[in-house]
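Notebook open, coffee poured. I wanted to look up the pockets in this one and then a few residues.

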Amino acid sequence: MVIIGRGAEAILEMKDFKDLYFPSRDMNIKIVIKKRIKKGYRLKEIDLHLRRSRTILESRLIHEAKKYIRTPTIFEIDRDECYIVMEYVEGERVKELLEKVNSEKREEICLKIGNMVGKLHKNGIIHGDLTTSNMIYRLNEIYLIDFGLGEFSREIEKQGVDMHLLKEALQSTHYKYFLEDFETVMKGYAYIVGNEKKKEILKRINEIEKRGRYVQRDSLYNK
């Protein structure tokens, strides 16, 4: 077993499918085990409740999202130990891919990203951590991973926050082509949800950015 990721809330371990389920069979399939970490500063009962509820919610989000976009296949959920066993998606992170493809391919990828997020929002799913690090490109398709901060909601505010996070990720990681990439993402988004919804989301993103600037300015004045 190899640890491939460690965050504030969970550890990601990769191992062979056959080692966990079919030791006697020759199956070359990789899986990921996402296990939520115990927090010693929380009461035991509260900690278990939070880890269990987040594990269940994330598995539901992945399962529901799979009806509309590409997500990892879930093999097992353990509510007591608070872990999810899922497919390891072999491919390249969009974070690295966008930095080396030509403009035509980058436009194609950004349209796919917009389509993908549009399908989620249209069906009441908020990802919660929309970055190109959580997108895997495989066989001309984009897989969305890590729904750990997600939720079910159709609120325009939460959809706006989702898209604002994606905009910030593009700006910080892919700043060279940021403006055209985000414009293309919103074009793909509008193709799914319509131009009126696109305008509404852009307006909400602008409001969120204004609030952020106000908070930053206010904190500087109060130092």
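Below are my entries, in the order I made them.

**Entry 1: the whole chain**

I'm working with a predicted model here, not an experimental one. I started with the overall make-up and found 7 helices and 10 strands. The protein has 223 residues, and 41% of them count as buried. I then looked up the exposed surface, which comes to about 13000 Å², with carbon and sulfur atoms supplying 51% of it. For contacts with a separation of 6 or more, I got 63% between residues 24 or more positions apart.

**Entry 2: the largest pocket**

How big is the volume of the largest pocket? I noted about 820 Å³. Its lining takes in 32 residues, and the ones closest to the centre are L12, K34, N134, I145 and D146. I sorted the lining by class and wrote down 14 nonpolar, 6 polar and 12 charged residues.

Next I asked which elements supply at least two residues of that lining. My list reads β1 (2-6), β2 (10-16), β3 (30-36), α2 (44-65) and β5 (83-87). Helix α2 has the largest share, with 5 residues.

**Entry 3: L12**

L12 was on my list of residues closest to the centre of the largest pocket, so I looked it up next. I found L12 in strand β2. Is L12 buried, partly exposed or exposed? Its relative accessibility is 27%, so L12 counts as partly exposed; the buried class stops under 20% and the exposed class begins over 50%.

I also checked what L12 touches beyond four places in sequence: V2, I3, I4, G5, V32, I33 and K34. One of these, K34, turned up with L12 among the residues closest to the pocket centre. I looked up one C-alpha distance too: L12 and K35 are 23 residues apart along the chain, and their C-alpha atoms are separated by 6.6 Å.

**Entry 4: the second largest pocket**

I moved on to the second largest pocket, which holds about 200 Å³ of space. Which residues line the second largest pocket? I wrote down Y68, I69, R70, K112, N115, M116, K119, E141 and I142. By class, that lining has 4 nonpolar, 1 polar and 4 charged residues.

Both α4 (103-122) and β9 (141-144) supply at least two residues of the lining. Helix α4 gives the most, with 4 residues.

**Entry 5: D47**

Back to helix α2, where I looked up D47. D47 has 4% relative accessibility, so I filed it as buried. What does the side chain of D47 reach? I found the backbone nitrogen of K39, at 3.1 Å. K39 is also on the list of residues that D47 touches beyond four places in sequence, along with I37, K38 and R42.

**Entry 6: Q159**

My last stop was Q159, in helix α5 (residues 156-173). At 1% relative accessibility, Q159 goes down as buried. I found two polar partners for its side chain: the backbone oxygen of H121 at 3.2 Å, and the side chain of K197 at 2.9 Å. Leaving out residues up to four places away, Q159 touches H121, I126, S153, R154, Y189, K197 and I201.

Definitions and conventions. Residues are numbered from 1 along each chain as its sequence is written. This is a predicted model: local features need pLDDT of at least 70, side-chain atom pairs count only at pLDDT 80 or more; totals for chains, interfaces and linings use all residues. Side-chain values use heavy atoms; hydrogens and water are left out. On a 1 Å grid over the protein atoms alone, a cavity is a set of points where a 1.4 Å probe fits but cannot get out, and a pocket is an open set with protein on both sides within 12 Å along at least five of seven lines; lining residues have an atom within 4 Å of a point. Grid points are joined across faces, edges and corners, and a volume is the space filled by probe spheres set on the points. Ala, Val, Leu, Ile, Met, Phe, Trp, Tyr, Cys and Pro count as nonpolar, Asp, Glu, Lys and Arg as charged, and the others, Gly among them, as polar. Buried means under 20% relative accessible area, exposed over 50%, partly exposed in between (1.4 Å probe, protein chains only). A polar contact is a pair of N or O atoms within 3.5 Å; within protein, one must be able to donate a hydrogen and the other to accept it, and residues adjacent in sequence count only if both atoms are side-chain atoms. Contact means heavy atoms within 4.5 Å. Accessible areas come from the Shrake-Rupley method with a 1.4 Å probe; for residues, only the protein chains shown count as cover.
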